[in-house]
Amino acid sequence: MKPKPENEGAKARDSRPEMKLIYNRVFLQHDTGMHPESRKRLDAFDDLPDTPITDGEPYLELVHTPHYIQKVRAACALSAHLDGDTATSPGSYDAARYAVGATIMAAESGGFALVRPPGHHAHPSRASGFCLFNNVAIATRKLAAEGKRVAIFDFDGHLGDGTSAIFYDTDKVLYWSMHQYPAYPGHGFVDEIGSGKGKGFTVNLPLPPGSGDDILLGCLNQFLPIVEQFQPDVVAVSAGFDAHQYDLLLDLRASASFFYKTGQMLRERFPNVFATLEGGYNVEEMRKCLYNFVAGINGEAVPFPEEPTSSGMRVLETYEIYVNAVIGNLRDYWKF
Ligand SMILES: [Zn+2]
């Protein structure tokens with residue numbers, strides 16, 4: 001029998017590294033008690049093996065001040081809160097430093113760092129919104145120091161205000177975020193586009209409460225080309241799944257299939273992608289959304305399909321107003 005002719009298209013796709021989950025039970029040691037960001041979020045992944053994780057502590061100062069790092073360490077020893085929302089425990093410092101390390105490993109391997117605590121609300125000298133150290137920002141700074149051009153694509157349902165602030169005045173890193181507005185942390189509106197040299201390099205896409213797959217996919221189709229125009233060497237994904245319709249903290253209405261399509265769109269456009277976990281507070285749904293996203297990136301069939309959702313008329317009208325404002329504010333910087 002003749003051998004089958006090689007499929008060139010499949011061969012090209014196969015050259016991309018498979019996105020693998022990077023997980024370790026050290027992330028369960030961050031004990032927040034009765035809290036939406038609890039270890040239960042990762043208990044759903046209990047079947048995964050422990051990956052040996054690089055220690056992220058030597059990299060913390062790429063973003064955080066020495067004083068703040070000491071403050072976090074001291075707070076964890078005492079199980080003290082770092083702010084009203086952000087609880088710690090004696091195991092939290094190790095979980096947080098290895099969350100940074102796992103994200104750096106993901107950046108080096110095209111992996112998905114399945115970590116907690118999350119990071120995108122953490123500022124250089126301030127914890128907030130369940131976040132201790134800014135995992136994605138640290139990994140991005142490390143890549144930038146190695147000469148890489150990085151775009152941060154943040155599809156968590158909240159603005160990553162820490163990440164946004166860290167890169168607000170640079171043109172070397174693009175920060176792109178779609179998020180519910182209004183919602184925590186209270187900003188991320190259309191007119192926040194960066195400052196100084198960084199003007200145009202922060203892209204905020206506010207989504208009205210009630211936004212479904214139609215709006216979310218429209219937003220990706222219309223504004224992901226900005227990330228392409230930036231021509232990144234690497235796309236760093238702040239992967240939060242709290243835009244899902246059954247999430248506990250937000251009022252967005254994404255289906256689980258939306259996250260599969262997001263993964264597919266990234267796969268089609270960008271050869272180097274890595275991700276780190278941010279939010280997602282419906283434990284059962286987060287697991288499905290996360291596996292869908294990774295399957296989309298890896299070009300596999302969708303493991304957990306869900307009926308697409310659509311937005312009401314008022315929601316669509318509000319979104320349209322936001323879209324026009326975003327384009328108006330960014331048209332000097334990007335083609336639409
Ligand atoms: Zn979130």
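In this predicted model, D171 has a relative accessibility of 22%, and because buried is reserved for values under 20%, the residue counts as partly exposed. D171 takes part in a salt bridge with K172, in which the closest N and O atoms lie 3.4 Å apart. Elsewhere, salt bridges that have partners in common tie D55, E57, R73, D94 and R97 together into one network.

A second pair to follow is K142 with E146, whose side chains come together in a salt bridge with an N to O distance of 2.9 Å. The two partners fall into separate classes of accessibility, since K142, at a relative accessible area of 16%, is buried, whereas E146, with a value of 44%, is partly exposed. The assignment of K142 to the buried class follows because its 16% lies under the 20% limit, while E146 is partly exposed because its 44% falls between that limit and the 50% above which a residue is called exposed.

The pair formed by R39 and D43 can be read in the same manner: a salt bridge links these residues, and their closest N and O atoms are separated by 3.3 Å. Here R39 is partly exposed, its relative accessible area being 41%, and D43 is likewise partly exposed, with a relative accessible area of 30%.

Taken over the whole model, the salt bridges number 15, among them the one between R39 and D43, the one between K142 and E146 and the one between D171 and K172.

Methods: Residues numbered from 1 in each chain as written. Predicted model: local features only at pLDDT ≥ 70, side-chain atom pairs only at ≥ 80, totals over all residues. Heavy atoms only, no water. Salt bridge = Lys/Arg side-chain N within 4 Å of Asp/Glu carboxyl O. Buried < 20%, exposed > 50% of the residue type's maximum accessible area, 1.4 Å probe, protein only.
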